[in-house]
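Visitor: I'd like to know how the labels in a model like this one are earned. Could you take me through them?

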Amino acid sequence: MHHTLLAVPLTSTTPPLDEQCAEALRGGAEIIELRVDAMDDLAAVEAFLKAPRACPIILTIRSSAEGGGWDGDDAARIALIERLGLLQPGFIDVELATWERSANLRQKIELVAARERPSARPGAVSTDRERNTLILSHHDFRETPRDLAAVFDRLEAGGAPIIKAAFAARDAADAVRVLEQLHTRAARVSLVALAMGDAGLASRVLARKLGAFLTFAAPRRGAESAPGQPSLDDFRRLYGWDRLDVRTRVFGVVGWPLAHSRSPHVHNAAIAAAGVNGVYLPLPVRPDWEDFSAFMDLVDRSPWLDLDGLSITIPHKEHALRWLHERNSPVSAIVTACGSVNTLTRTPGGWRGDNTDALAVIAALRTCPALALPPTPPHAPEPPTDTQTESAATAPAAALDPLVGRRALVLGAGGAARAAAVALRACGCRITICNRDGERARRLAEALGADRRDWSERDAIEADIIVQCTSVGMWPRVEDSPISARRLHAGCVVLDTVYNPPETRLLREARQAGAHVVSGVEMFLAQAEAQFQLWHARPAPAGAMRAALNPPPGPG
Ligand code: NAP
């Protein structure tokens with residue numbers, strides 16, 4: 001079976017190359033790229049190449065025209081490739097543009113880099129004087145062009161045993177298009193196909209599933225040689241690199257921006273703990289409906305990707321519902337009530353939409369002993385599912401539900417507020433909506449048959465439960481709170497949906513006032529656990545998910 005190598009580029013001669021190489025190998029690297037264009041101590045490079053070594057080396061002297069540090073002329077660059085190539089690194093990377101420039105350059109490169117594959121396996125160290133293997137490469141730091149196939153066709157026509165192309169990704173759709181080239185070509189040619197930047201991460205991680213020759217990893221965080229390159233540690237610990245194979249199912253979170261999302265940590269930890277063959281990736285998709293719709297259409301017609309489930313976050317939750325509606329795809333009753341989708345699941349009949357935020361609000365509130373459901377007697381009816389929430393309040397056990405009849409104040413009128421209000425109403429609460437934009441509050445209150453109060457009155461509204469659904473108090477503005485500490489009192493339950501920081505100023509003040517407090521962490525975990533169950537048809541490993549979330553107050 002094909003094995004995709006984990007490659008670490010080295011871009012400096014300090015600390016000494018042999019030490020850097022040893023550190024990379026300890027971290028799981030299998031091949032090293034020497035970016036000689038970024039190194040100023042050539043004597044150190046030569047000494048390193050002459051010494052015995054434990055892994056193959058890719059020799060790269062990247063021109064500035066393709067994002068490298070070599071400003072000199074091509075003749076001097078090719079002369080250096082020849083000189084260092086004689087030291088038998090194993091692989092030599094040359095840009096296609098350089099290769100195509102003249103027969104004379106090609107002849108010189110071919111003196112040290114063969115267009116046939118060497119007899120040795122790529123992972124084995126060659127000891128004879130056979131020539132290195134040629135990698136023909138192409139880099140585009142501006143865009144991922146529309147006609148990607150044409151770029152790869154040109155690379156293939158160069159006749160090298162290995163081809164490599166890297167493109168700046170605009171969003172995750174570009175990563176999928178690059179992966180499509182891997183999917184269609186990997187069986188006949190060794191190739192590396194990468195989308196660069198945060199939006200391209202999927203192309204780097206799924207390189208293994210789709211049979212790339214290698215993927216690049218930074219030796220550690222902060223030491224990337226190209227934008228969006230994960231560290232060795234991220235590849236192996238976060239994305240479970242060693243477990244990925246051709247059958248790996250793919251999941252991810254779609255939103256914009258996603259740089260601080262904890263969902264990959266939580267879902268990948270759950271996947272690892274449950275022993276599922278899967279991986280969960282950040283898939284940044286630009287904010288407009290057209291971008292979302294184009295991304296979903298692309299993944300929908302790419303079954304080879306095995307993309308089976310998506311978390312949907314800001315600003316695409318309503319876009320996801322529209323996309324499903326336009327395809328007459330099924331949505332759960334709670335999705336219709338919430339008007340938004342936070343979970344997409346691929347089923348044999350197409351994509352299905354769910355909203356696990358609404359259930360998560362109730363699950364989070366239930367962690368407060370005062371609102372927990374009494375134990376279910378043996379042979380009692382099953383608790384209501386998400387499709388039955390409309391009737392939950394009137395179910396026979398409802399009279400025992402401590403939520404029934406409670407006065408709930410929902411602060412906010414966005415997606416989270418709507419989900420909270422829908423769920424609380426279904427549980428029999430009496431709801432008041434209060435939002436900075438009064439018109440938005442009026443529309444939501446009308447839709448749900450709830451009360452509405454002006455934002456200026458928020459400190460005077462009597463409530464047993466406060467569910468804070470605005471973004472006030474979120475990192476970095478952690479000293480903001482939407483309501484005055486004076487109005488918080490013992491006996492009141494306060495759920496802040498904000499989960500970074502885990503304890504907001506509102507929760508701190510509520511706790512000091514003797515109220516029961518529930519962190520947005522509980523809601524976040526509950527919605528993620530519900531997603532896990534939808535996708536993997538088994539109980540979520542809650543402990544592993546909680547341990548992975550553990551968000552320090554800060555950017556992520
Ligand atoms: P949204 O649709 O954009 O709504 C944002 C809400 O915040 C609106 O009601 C907005 O009021 C209000 N707001 C923003 N800045 C404000 C300010 N300075 N003063 C007063 N109100 C302000 O976003 P969303 O999806 O509902 O998310 C809202 C919050 O819920 C976020 O903090 C998010 O992290 C949290 N959330 C948590 C979870 C979880 O699992 N824990 C899940 C989903 C959401 P206007 O209408 O007046 O602009």
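Visitor: What makes Ala 537 count as exposed?

Guide: Exposed means over 50% relative accessible area, buried means under 20%, and partly exposed is in between (1.4 Å probe, protein chains only). Ala 537 has 73% relative accessibility, so Ala 537 counts as exposed. This residue is in the loop between helix 19 and helix 20 (542–549), helices being DSSP runs of H or I with at least four residues, strands E runs with at least two, both numbered from the N terminus. Ala 537 also has a phi near 50°, a positive value in a residue other than glycine.

Visitor: What sort of model is this, by the way?

Guide: It's a predicted model: local features need pLDDT of at least 70, side-chain atom pairs count only at pLDDT 80 or more, and totals for chains, interfaces and linings use all residues. Residues are numbered from 1 along each chain as its sequence is written, and side-chain values use heavy atoms, with hydrogens and water left out.

Visitor: Why is Asp 306 called partly exposed?

Guide: Its relative accessible area is 26%, so Asp 306 is partly exposed. Asp 306 sits in the loop between helix 11 (289–300) and strand 12 (307–312). Its phi is near 55°, again positive in a residue other than glycine. Most residues other than glycine have a negative phi, and most peptide bonds are trans.

Visitor: And what makes Ala 460 exposed?

Guide: Ala 460 counts as exposed because its relative accessibility is 54%. You'll find Ala 460 in the loop between strand 17 (451–454) and strand 18 (465–468). Its C-alpha is 7.1 Å from that of Arg 487, 27 residues apart along the chain.

Visitor: Which peptide bond leading to Pro 15 or Pro 501 is cis?

Guide: Both: Thr 14 to Pro 15 is cis with omega near -10°, and Asn 500 to Pro 501 is cis with omega near 10°. Pro 15 lies in the loop between strand 1 (5–10) and helix 1 (17–26), while Pro 501 is in the loop between strand 19 (493–496) and helix 18 (505–512).

Visitor: How do you know that the span of helix 16 is close to the expected one?

Guide: The expected span is 1.5 Å times one less than the number of residues. Helix 16 has 12 residues and reaches 17 Å from first C-alpha to last, close to the 16 Å expected. Its buried residues include Ala 417, Val 422 and Leu 424. Just after helix 16, Gly 428 takes a positive phi of about 90°.

Visitor: What puts a residue in the shell around the ligand?

Guide: One of its heavy atoms has to lie within 4 Å of the ligand. There are 25 such residues, and the closest are Ala 416, Asn 435, Arg 436, Arg 440 and Thr 497. Helix 19 (520–536) and helix 16 (415–426) each supply at least two, with helix 19 giving the most, 4 residues.

Visitor: Why is the link between Arg 436 and the ligand called a polar contact?

Guide: A polar contact is a pair of N or O atoms within 3.5 Å; within protein, one must be able to donate a hydrogen and the other to accept it, and residues adjacent in sequence count only if both atoms are side-chain atoms. A polar side-chain atom of Arg 436 lies 2.9 Å from a ligand oxygen. A backbone N or O atom of Ala 413 is 3.0 Å from a ligand oxygen, and a polar backbone atom of Ser 471 is 3.4 Å from one.
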